[in-house]
Amino acid sequence: MAVSDGVVKKIILSYTYVAIWIFLSFTVIVYNKYILDRKMYDWPYPISLTMIHMAFCSSLAYLLVRVFKLVEPVSMSRDLYFKSVVPIGALYSLSLWFSNSAYIYLSVSFIQMLKALMPVAVYSIGVLFKKEAFKNETMANMVSISLGVAIAAYGEAKFDTWGVTLQLLAVAFEATRLVLIQILLNSKGISLNPITSLYYIAPCCLVFLSVPWIIMEYPSLRDNSSFHLDFAIFGTNSACAFALNLAVFLLVGKTSALTMNVAGVVKDWLLIAFSWSVIKDTVTSINLIGYGLAFLGVAYYNHCKLQALKASEAQKKAQQADEEAGRLLEQKDGEGIGRKNDNQN
């Protein structure tokens with residue numbers, strides 16, 4: 001009975017973490033859309049919004065790591081920081097800047113459909129950097145996802161070329177960042193969780209974003225004397241963005257990254273439904289057919305990843321069992337030789 005209660009508790013906790021992550025991810029996306037959209041809060045300054053997030057998150061991450069010591073920092077030399085973390089921070093800042101900019105031009109539902117291209121971008125860049133093996137079956141699946149997104153784009157009622165370009169660039173930069181994390185950090189035995197990622201990477205983003213901000217947004221904000229920073233709006237928005245990183249930390253730590261990918265699919269459908277029913281964005285039948293095709297491709301991609309993960313774990317267990325059996329045999333052989341020597345004496 002105790003085992004059964006423990007299993008039930010674990011399942012309930014897992015679903016709770018998933019629900020919290022979906023809620024916070026959903027909230028951050030809709031909140032950013034609300035702030036940036038000209039028909040809503042009408043504050044079209046995506047670089048400024050991203051910098052506010054980075055300043056808030058890096059400050060809280062510093063408190064968690066250095067002051068309260070709730071999260072252990074990673075041992076990292078200055079040379080490694082500049083060669084590995086800084087390039088990742090540059091890509092992350094570009095990804096956030098362009099993805100937030102897209103909310104000014106595109107609907108929430110269409111942005112989620114375009115984000116379905118992420119596995120395509122990650123796989124393609126992984127093959128380019130030789131971190132993924134080229135497989136005809138996988139590439140055929142990537143083509144099916146791309147075709148689905150293309151159909152969804154064809155059926156988009158409010159298609160905006162600049163908005164689509166921004167979102168595609170955001171996907172490309174984010175995919176490159178994910179591949180570079182494997183090359184520059186994971187291959188060197190360095191693993192960053194969402195909190196230590198913010199601690200090391202958010203200050204980089206702040207520095208990189210300050211350059212385009214001074215050129216593109218600061219003059220407009222300076223001349224707009226009627227604007228006053230609403231601490232209630234931007235404070236709660238930044239708090240949600242930081243809470244989302246904490247939720248990722250909990251979700252991946254207590255379940256797996258694959259669970260987050262599956263939960264992300266559920267979140268995307270919820271956002272599409274919310275965008276259509278509450279924000280009143282137009283979602284056409286062609287949109288849904290295209291995204292449905294892309295969704296099937298992404299689901300199959302996640303299934304293949306799961307099977308590969310299971311096979312890898314099974315191989316590791318078999319290898320550990322072989323090593324254990326070898327040690328036992330060596331131990332028995334040693335004991336046999338010892339007894340033989342005793343008998344001779």
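Trainee: Which contact do the side chains of Asp223 and Arg222 meet in?

Mentor: A salt bridge, at 3.5 Å from N to O. Keep in mind that this is a predicted model. The general idea: side chains of opposite charge can pair when their charged atoms come close. Asp223 is exposed, and so is Arg222.

Trainee: How many salt bridges does the structure hold?

Mentor: It holds 6. Take Lys305 and Glu132, whose side chains meet at 3.4 Å, N to O. Lys305 lies in helix α11 (residues 285-344), while Glu132 lies in the loop between α5 (118-128) and α6 (136-154), so this salt bridge ties together parts that are 173 residues apart in sequence.

Trainee: Are Lys305 and Glu132 buried or exposed?

Mentor: Neither label fits. Lys305 is partly exposed, with a relative accessible area of 35%. Glu132 is partly exposed as well, at 25%.

Trainee: What separates Arg177 and Glu174 in helix α7?

Mentor: Start with the helix. An α-helix has 3.6 residues a turn, so residues three or four places apart point the same way. Arg177 and Glu174 are 3 residues apart in α7 (residues 161-185), which means about one helical turn between them. Their side chains meet in a salt bridge at 2.7 Å, N to O. Arg177 is buried, with 12% relative accessibility. Glu174 is buried too, with a relative accessible area of 15%.

Trainee: Now the rings. How many aromatic pairs does the structure hold?

Mentor: There are 16 aromatic pairs. In Phe26 and Phe274, the ring centres are 5.0 Å apart and the planes stand at 80 degrees, so this pair is edge-to-face. The pair links distant parts of the chain: Phe26 belongs to helix α1 (residues 2-36) and Phe274 to helix α10 (residues 257-277), 248 residues apart. As for accessibility, Phe26 counts as buried at 17%, whereas Phe274 is partly exposed at 22%.

Trainee: Why is the pair of Trp97 and Phe98 stacked?

Mentor: Use two numbers. A pair of aromatic rings is described by the distance of the centres and the angle of the planes. For Trp97 and Phe98, the centres are 4.9 Å apart and the planes are at 25 degrees, so the pair is stacked. The cut-off for stacking is under 30 degrees. Both Trp97 and Phe98 are buried.

Trainee: Which residues do ring pairs link into a cluster?

Mentor: Tyr31, Tyr34, Tyr41, Trp43, Tyr45 and Phe234 are linked this way.

Trainee: Next, the cysteines. How many disulfides does the count come to?

Mentor: The count comes to 0. A disulfide is a covalent bond between the sulfur atoms of two cysteines. The test asks for sulfurs within 2.5 Å. For Cys57, the closest cysteine sulfur is in Cys205, 10 Å away, which is too far for a bond. For Cys204, the closest is also in Cys205, at 6.8 Å, again too far. Cys57 is buried at 2% relative accessibility. Cys204 is buried at 6%.

Trainee: What should the residues of α2 span?

Mentor: Multiply out the rise. At 1.5 Å a residue, the 22 residues of α2 should span 32 Å, and the end C-alpha atoms are 31 Å apart, which agrees. Then look at the residue Lys69, just after α2: its phi is positive, about 55 degrees.

Trainee: Where is Phe68 found?

Mentor: In the loop between α2 (46-67) and α3 (78-105). Phe68 is exposed, with a relative accessible area of 54%. Phe68 also helps make a nonpolar surface patch of about 520 Å², along with Tyr62, Leu63, Val67 and Leu70.

Trainee: Last topic, backbone angles. What is the phi of Asp42 near?

Mentor: Near 60 degrees, a positive value in a residue other than glycine. Asp42 sits in the loop between α1 and α2. Its relative accessible area is 41%, so Asp42 is partly exposed.

Trainee: And what is the phi of Lys280 near?

Mentor: Near 70 degrees, and here too the residue is other than glycine. Lys280 is found in the loop between α10 and α11. At 61% relative accessibility, Lys280 counts as exposed.

Definitions and conventions: Residues numbered from 1 in each chain as written. Heavy atoms only, no water. Phe/Tyr/Trp six-rings, centres within 6.5 Å; stacked < 30°, edge-to-face > 60°. Helix = DSSP H or I, 4+ residues; strand = E, 2+ residues; numbered from the N terminus. Buried < 20%, exposed > 50% of the residue type's maximum accessible area, 1.4 Å probe, protein only. Patch = residues over 30% accessible without salt bridge, like charges linked within 9 Å, V, L, I, M, F, W, Y side chains within 5 Å. Areas by Shrake-Rupley, 256 points an atom, 1.4 Å probe, with all protein chains shown as cover. Salt bridge = Lys/Arg side-chain N within 4 Å of Asp/Glu carboxyl O. Expected span 1.5 Å × (residues − 1).
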